[in-house]
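Here's a quick walk through one sheet and a couple of residues. Have the model open while you read.

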Amino acid sequence: MSLSIILITKNEEANLKDCLESVSFADEIIVVDSQSSDKTQEIARSFGAKLEITSDWPGFGPQKNRALNLATQDWVLSIDADERVTPELKQEILATMASANAADCYAIPRSSWYCGRFMKHSGWYPDYVDRLFKRGTAKFSDHLVHERLLPTGSSGKLKNHFLHYSFRDFSQVLRKIDAYSSASAEQAFKKGKRSSVCKAFWHAVWAFIRTYFLRLGFLDGPQGLALAISNAEGSYYKYVKIWLIEEHDKNNK
């Protein structure tokens, strides 16, 4: 059975080489790039990837569907540039594709890095994500952010995990909090969600409690505390931005 790798990029020079090396066993690599200004496109070409450069940004879900539409092999593995396939996961993927009893779609656990350590709690592990599937049996949701795969057939889970280098330093944390809270706020407002500063505060409090206490973030040491605070910030900014969008909308009517 043959395998297509699909991923989307935007200025992923620091991540892409290691990512593509980890999936070099695949029959086809497809990279859909959103006009990177660094060496992302050069790196993709050096691995023989089919590279498509887009002039617009429709959101994570639609962009991943563009990559999926270019896949031609029997199976598809969707991966992000900050993820790595371990040798153990590679062997499990190959064995799964060769199995006569394989399901249509498989969720893969992730071991995620946060500013100095792989997190074992805080809601970050095992963090299963649907990523390996038979072509034609799934597509991505149209979400601007936090997109998900929508399988139409049978599902299963793999045992071995991705390595996910999600946050290498705190500057990256802050950039993602700002970008993701803006996209999440826009998406939520379009779906009818409304907010206030008071609501934003209580959402932040709940995000901290859920991460640090209910999901045992305190067992992840200092990074667990930092992540709980970051999640609280992200939630607060999302709901404040929803409120600000609502205020702007009122003032322009």
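What follows covers the sheet, then two residues.

This is a predicted model, where local features need pLDDT of at least 70 and side-chain atom pairs count only at pLDDT 80 or more, while totals for chains, interfaces and linings use all residues. Residues are numbered from 1 along each chain as its sequence is written, and side-chain values use heavy atoms, with hydrogens and water left out.

Let's start with the open sheet: four strands in the order E5-E13-E7-E8, with mixed pairing. Strands (E, at least two residues) and helices (H or I, at least four) are DSSP runs, numbered from the N terminus, and two strands pair if DSSP finds at least two bridges between them. E5 (83-85) and E8 (117-118) sit at the edges with a single partner strand each, so one side of each has no neighbour in the sheet. E7 (residues 110-114) and E13 (residues 162-167) run parallel, joined by four bridges; Tyr114 stands opposite Phe167 in E13.

Now for the two residues, both buried (under 20% relative accessible area, with exposed over 50% and partly exposed in between; 1.4 Å probe, protein chains only).

| Residue | Location | Relative accessible area |
|---|---|---|
| Thr9 | strand E1 (residues 3-9) | 5% |
| Ala102 | loop between helix H4 (87-98) and strand E6 (105-108) | 12% |

Leaving aside residues up to four places away in sequence, Thr9 touches (heavy atoms within 4.5 Å) several residues, including Leu16, Val31 and Thr40. With the same neighbours left out, Ala102 is in contact with Trp75, Thr96 and Lys134. Ala102 and Ser154 are 52 residues apart in sequence and 8.9 Å apart in space, C-alpha to C-alpha.
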